[in-house]
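This report looks at one sheet and at two ligand sites. Please keep the sequence and the structure at hand while reading.

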Amino acid sequence: MSEPHIERPVDRSKLQVSDEVAIQIENMNKWYGQFHVLRDVNLTVNRGERIVIAGPSGSGKSTLIRCINRLEEHQSGKIIVDGTELTSDLKNIDKVRSEVGMVFQHFNLFPHLTILENCTLAPIWVRKVPKKEAEETAMHFLEKVKIPEQAHKYPGMLSGGQQQRVAIARSLCMRPRIMLFDEPTSALDPEMIKEVLDTMIELAEEGMTMLCVTHEMGFAQAVANRVIFMADGQIIEQNNPFDFFNNPQSERTKQFLSQILGH
Amino acid sequence: MSEPHIERPVDRSKLQVSDEVAIQIENMNKWYGQFHVLRDVNLTVNRGERIVIAGPSGSGKSTLIRCINRLEEHQSGKIIVDGTELTSDLKNIDKVRSEVGMVFQHFNLFPHLTILENCTLAPIWVRKVPKKEAEETAMHFLEKVKIPEQAHKYPGMLSGGQQQRVAIARSLCMRPRIMLFDEPTSALDPEMIKEVLDTMIELAEEGMTMLCVTHEMGFAQAVANRVIFMADGQIIEQNNPFDFFNNPQSERTKQFLSQILGH
Amino acid sequence: MSDTSHSAVFVRKTMLPPEPAPARQTGLSKWVRENLFSSWLNTILTLAGIAVIWGLASHFYPWFRHGVWNAASLPECRQIIAARWGEGATGACWAVIHARWTQFIFGFYPPELFWRPVLTFGLMLVAVAPVLFTQLPRGMLKFSVVFPLLAIWLLWGGSIWPVVMIAAGFAVGYLVARILAHWGMILAILGAVVAAVLFWIFVPGPVDEILGRVAPIALEPVASRQFGGFLLAITLGAGGIAMSLPLGILLALGRQSDMFLIKTFSVMFIEFIRGVPLITLLFVASLLLNYFLPPGTNFDIILRVMILVTLFSAAYIAEVIRGGLAALPRGQYEAADALGLDYWKAQRLVILPQALKISIPGIVSTFIGMFKDTTLVTFVGLFEPLKSIPDSIRADISWKGTYWEHFIFVGAIFFILNFSMSRYSMYLERKLKRDHR
Amino acid sequence: TTLEDVKARGVLNCGVNTGLVGFAAPDANGNWSGFDVALCKAVAAAVLGDPSKVKYVPTTGQTRFTALTSGEVDMLARNSTWTFSRDTDLKMDFAGVNYYDGQGFMVRKDSGITSAKELDGASVCIQTGTTTEMNLADYFKSNNMTYQPIAVDSNAEGEQQYLAGACDAYTTDASGLAATRAAYADPENHIILPEIISKEPLGPAVRHGDSQWGDIVRWTLFALIAAEEYGVTSANIDELAKGTENPEINRLLGVEGDLGPMTGLEKDWAVKAIKAGGNYGEIFAATIGESTPIGLARGLNAQWTQGGLMYAPPFR
Amino acid sequence: MTSASDAPDRGFRLSQLIYDTRYRSLTIQVITLIVVMGAAGWLVDNTIQNLRVLGKDFNFGFLDNRAGYDIAQYLIPYTNDDTHARAMLVGLLNTIWVSLLGCATATVIGIFVGVLRLSKNWLVARLMTVYVETFRNVPVLLWILVAMAVLTEITPAPNAYKVNPATGEASASMILDSIAFTNRYTAIPSVSFERSLGVIDTALAPVSLNVLAIVLVLAGAIWVNRRLLAHASAVQDATGARPVTWWKSLLILLGPLALLLAALGFQLHGPTLKGFNFTGGTNVSNAFVALWAGLSLYTGAFIAEIVRAGILAISKGQTEAAFALGLRPGKTMRLVILPQALRVIVPPLISQFLNLTKNSSLAIAVGYMDLRGTLGGITLNQTGRELEAILLMMLIYLAISLVISGVMNLYNHKVRLKER
Ligand SMILES: Nc1ncnc2c1ncn2[C@@H]1O[C@H](COP(=O)(O)OP(=O)(O)OP(=O)(O)O)[C@@H](O)[C@H]1O
Ligand SMILES: Nc1ncnc2c1ncn2[C@@H]1O[C@H](COP(=O)(O)OP(=O)(O)OP(=O)(O)O)[C@@H](O)[C@H]1O
Ligand SMILES: [Mg+2]
Ligand SMILES: [Mg+2]
């Protein structure tokens, strides 16, 4: 049952996709022990694409996007991010991680640091940016997610929606070229979902390449240029949002959509 | 944003108000430390009245009704419930509490007791009713709130809506003449709100004097004979529901209504 | 719009079946590689671990293997070992345990009466079971309530009537409390205490005598001095915990109270007890209690130690229960208030049942700590199993010179008991966490 | 009074050591035996007529005196040295001496030491909380020597440390040393040095202020000693109790005179006391004498007639 | 403004004491006060009477008398001619000393084991579990006794280091010619200085100016080093790159100290066997080592659990978030995990320190003369002043505990997570 959290009209003309390939996944397989979570996944994402990944619980959505910045290791196949192939080579991993930002379902802010420190930690220690500069960048992105006034508070003092926006800002401070979202709104109260989605839409309008696992179908329809449906660790169907929702091809997809949209 | 949770037609003819005064509050003030929560509150409630209290968060609604059964102490002014003035005299407090039932936002059922035991605890230990009789009464009220079959389960096994109805039954078992509700539905999922409101409507139809803090404006319109609007610890406006919603007088009220009704 | 043009439409026609993981992902070799030799650091650690195990085993195994179970004295043990394994071989002389194990377990309790402590501890398990396992019928709790007095009678023996009189005193107090409850709980408690004490002072003497003559039900009395070994340790530990529960609850409530004096006294008591080592309190029991009581009062050292052990564990139990009280949401207090329950009724019917349940793991841990600490009574001359009993056994010329055997035997028993209890309390903690979600 | 208490109670509370070979130790069944224990039995027999009516209260070096002064025990038969301050300041009365002891040193033979004077710089094992600690300090001080004290908590501990070589010498009362040495697998490899550095009269103690009770304990001890002097043994006592030529024996055994009732006891109190475990010599021989594994010679503890210090005042 | 409570001015009725919430708590408190005071008075009165019956008084004068006994290990000069008060002080310092060392070692063991228990290495993790469970579930007294027994049984006597004239060899040899383990003590080198800056006599103990100078230089070096690190942070803030500092730190910390020691003519004296025992060095008694080892190993097992729980309490999400931001595991540990884990770890850690300190009173079991062994042991026994000695001893332990828990509360207050 998705309520219409998207109110703000999205200017689709701003959403441009280039021909450059941002992420390329070829015949990728992953096992947890004996359990085959991801089966022969193939996916090419161009720069500027906004991809929404949907599918029933346990279908491997999270695992897929966590493989993209190597929070999980894949066992066969290739993952190439921005021209860098993910192997066990630490340098490549570092490179990919500095290009790819990630936002988690439970925010995972660092509770012992202020909002500002959360945002400057990685730039200072990974990118070796001077503190002053890092703070300026951080304030810039905090303004963008509309909470500059909270900069000196601790995460525990913020509402869930505010925390998730800080998490987005924290990722942005590393100036990633690709953003991964893993159900960024599913731990939030309804009122707060909107503010987070608004932030994400803005990001999309600025041309950020995004992969987003979400159940917010309104968001998918408004922003995504492709919806990918996964089940049992495989990509079952992908299509543009209009066709995906109005004219699903596979049985699994239809069944899933009927459940989720309450038809 | 109130969805239409009230479906059942309310027989307004049943709703009678007598001339007898049930609660009288005169120039009541309350402070938390230095913070003046309730300012000079005056309110007279007649027997059989159904009063809905609305207002923004932090305006002192909860505090007001908690003063009525002395869960909070007031510092000046008078509160007279059913002819008994609330002072620091324990006997009076006991008397008032046995006349006044209260239902909380988070149900506050006793998790270590079965539903039936929850309902018989106070009658047995406070009213000294024989166990058998107490159990009969309890079953009577559990039937009334439509969950007699759950009597021997523990609260943790029930849904939120069922728990709240048990909480109402538990209060009723003490045969109160006045019922206080503090946002009884705001911790519930939408589907469950209806069943609780139905129970409350039934109560109203039976002539129970009710004070209800709620954001369910549908309920207010259908059942209340007076709506009180509070802000900053003061009663800003009170009126019958029709005029209150369609013709609010003060700016604060208008503003509040526009927010809450999403106009 | 360049927006959707790019996206390739894809529909999977055939579902892929799950495939087995590649070979290097499975099997023993993978396990060994991942768990023992995943990096050079891990390899070093593994080798070091193996070296430690080998070192210990090669050192101690022969000693164990050469162990002798049947001998009359240590020299005889040595002879047997020398005869069997050659001159210079060392070995354990388990014969000392074999010969004296009853002393480790029962101290100097008369052997023909061993059935009594055994029965008592069997019954203790029955009494404790309904507290620990909530699935069991609640009716069993009645037995748990009666058990302490039954245990006293079984362990110490003597006429049953004094014990019955103690129980009767409680009953009288309870009745008085019921009657006075009408006028308020403080009065009821005061009245109950006074009534019970008066009862105990005046009634038992004559009544015991008469009843003792009319119905002489008695067990052979056993003096406290004859208690020793694990019997003493368990009696002190379990008795201390059981007796400290009521006091601990009161202290916990006192510490939570908003009445300044009551809170202050509770805090002072708790912090004082927790701030000094148990051994100093045992000294108080053995050396100072006589100063603090009226001249001429003099009672059993075990009882005195028990009193101080009770005070000691009460302070710790109070802290455990305070944690349980703090874990309850405020709403429970408010709901009880709103229903018109007064403070004591709310505590008894609503708050404590829940708080105590949450506290059980903590209480079990406190008990483990207590049980270990009972070994300290060796310093006041009681025969606890770890030091006093071995020392007294070594005072026998035949067993002079046996050390490790005692340590290992006693340590093993402590380990088995405590380990199983701590596992239980962990299980309980996990279960509570699940229940409370 | 204590006597009344004991009679009313029907049992004598006797403070003993928690375990000292030969002097007081429980066996596997918890029956106590030993030289000190025999004295408890004799007193119980004298007062209550039954040597088994004793409750043994094991006391540590720390708790023994308090146990007595607080009334927990009626008498202390626990190798405690009779000193001035204990007799006065600690509010106890020593009722006599049942063993004349002195502090000595035991060393291993292969250390080549033959005199305590050669112990300069040695590590010495010593039980804490005893007078021996003070004596040791004084002895080394007066001989201008240094030492390293290695404190141990109990005799068992001390033996272990000494055997393991943790100390060059073990010091305690000579009786204890002999008992300890006797129990070793190789007694011949240990020697007890000739120097006795202190006087350690060990004896039973009672609470200060109850002289009647003190008399009873004192004279029970003397009765045992006198019995040996006069040749009264557990074998011939029944015979002698019928009456003898010797008026002293007759008075002792209650055949003549009223010595018992003077202290509130029966006439035949001494007979019972002696029958409990024999006379002093018999007790000595049975518990710590040369025929036992402990193998102590009578030495100072021989009768005065044999050149020892055991001397009972006249029974008259 | 009229107050609601005093509006019905019907005068004071006795029943208000019980039924009026304002007076009720007062009533209860007064009753409690009376009961507590009564009980206290009763105890004190009994004590006075008992003292009179026994003919004793309550008097701490005995502390000024000559102690007359020797103590094997003392941190301040002590002979048997000193007073009981000084013996008590020696004991107290011994208590504090073994507690301090014990806490430090237990913490090291605990961190080490706690981290290894979480290791991916199956064997090591199991071994550590076995260690933790064995030590936690058996009384600490047993571990102290076992440590003592191990020390006395497996180490050679000092004369084993003597060259046997028959074979021309010693059956045991010193480590590096300077450390000798024996079954009574461990002999380690002692230090001395050729040149002395003088000695100040304080009431407690003479303080060598050399030591003072070393302490000052060390403190200074630490201060300079902190400045250096602060400067490094400043540079990092300004430019983004953190300058390499470890060799500078090393130089600052060790350089001046080495110079000072050289100037003072620092010397190490290896222990040499003379007569029965080693002399010339410092002999650390086995009683101390056994107590230290027993307490550390026992408490270490508890601390290991605390450390493990602390690390586990930090959710996996924190690590993942840090990784996703590009932080390497080392920095993740230092910047994200540890600061959070510490908040969880420190409070129970301190209460373990408290336990260790209290457990150090078991010293008597191995004959280490701590506060309990001196004041509560020999002094008590020789003077017969049990009332005074035990009360004094309890007060001292209480003071130590209060200081430790005070420190804990301060820390807790400082690092509490800010929440709504
Ligand atoms: N660390 C792990 N070890 C073993 N199995 C795992 C692990 N993590 C996930 N799985 C399993 O892999 C499958 C896919 O998990 P994943 O989290 O990717 O699903 P998802 O599509 O994100 O589901 P959801 O919508 O619930 O988040 C699930 O069956 C899950 O149980
Ligand atoms: N125990 C307390 N101590 C101090 N301030 C309190 C306390 N309880 C409530 N307050 C403050 O009193 C004010 C009124 O609180 P109250 O709970 O009555 O508001 P409310 O109208 O019920 O709000 P809501 O709709 O959020 O429940 C708030 O500002 C609140 O912060
Ligand atoms: Mg997921
Ligand atoms: Mg409210």
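Across which strands of chain D does helix H7 lie? In this predicted model, helix H7 (residues 174-183) of chain D lies across E8, E11 and E12 of chain D, and runs at about 125° to E11(D).

**The sheet of chain D**

These strands belong to an open sheet of five strands in chain D, ordered E10-E9-E11-E8-E12, in which the pairing is mixed. Strand E10 (147-152) and strand E12 (190-192) of chain D each have a single partner strand and stand at the edges, so one side of each is left without a neighbour in the sheet. On average, and with direction ignored, neighbouring strands of this sheet are turned by 30° against each other. At the E10 edge, strand E9 (residues 122-127) of chain D pairs with E10(D) in the parallel sense over six bridges, and D:Ser123 has D:Gln148 in E10(D) as its bridge partner. Helix H6 (residues 155-163) of chain D also packs on the sheet, where it touches strand E8 (103-108), E9, E10, strand E11 (169-173) and E12 of chain D, with its direction at about 155° to that of E11(D).

**The ligand sites in chains A and B**

The residues that surround ligand 1 include A:Tyr32, A:Phe35, A:Ser57, A:Lys61 and A:Glu183, while those around ligand 2 include B:Tyr32, B:Phe35, B:Ser57, B:Lys61 and B:Glu183. The shell around ligand 1 divides into four nonpolar, six polar and two charged residues, and the shell around ligand 2 likewise into four nonpolar, six polar and two charged residues. Some of the polar contacts made by oxygen atoms of the two ligands are listed below.

| Ligand | Protein partner | Distance |
|---|---|---|
| Ligand 1, oxygen atom | A:Gly58, polar backbone atom | 2.8 Å |
| Ligand 1, oxygen atom | A:Thr63, side-chain N or O atom | 2.4 Å |
| Ligand 1, oxygen atom | A:Glu183, polar side-chain atom | 3.2 Å |
| Ligand 2, oxygen atom | B:Ser59, polar backbone atom | 3.2 Å |
| Ligand 2, oxygen atom | B:Lys61, side-chain N or O atom | 2.8 Å |
| Ligand 2, oxygen atom | B:Thr63, side-chain N or O atom | 2.4 Å |

Taken alone, ligand 2 exposes 640 Å², of which the protein buries 59%. Strand E2 (35-46) and helix H1 (61-68) of chain B are the elements that give two or more residues to the shell around ligand 2, and the largest share, three residues, comes from H1(B). In chain A, strand E2 (35-46) and helix H1 (61-68) each supply at least two residues of the shell around ligand 1, to which H1(A) gives the most, with three residues.

Methods: Residues numbered from 1 in each chain as written. Chains lettered and ligands numbered in written order. Predicted model: local features only at pLDDT ≥ 70, side-chain atom pairs only at ≥ 80, totals over all residues. Heavy atoms only, no water. Pairing = 2+ DSSP bridges. Helix = DSSP H or I, 4+ residues; strand = E, 2+ residues; numbered from the N terminus. Axes fitted to C-alpha atoms, helices over the stretch in contact; angles between N-to-C directions. Contact = heavy atoms within 4.5 Å. Near = heavy atom within 4 Å. Polar contact = N/O pair within 3.5 Å; in protein donor to acceptor, adjacent residues only side chain to side chain. Areas by Shrake-Rupley, 256 points an atom, 1.4 Å probe, with all protein chains shown as cover. Nonpolar A, V, L, I, M, F, W, Y, C, P; charged D, E, K, R; others polar.
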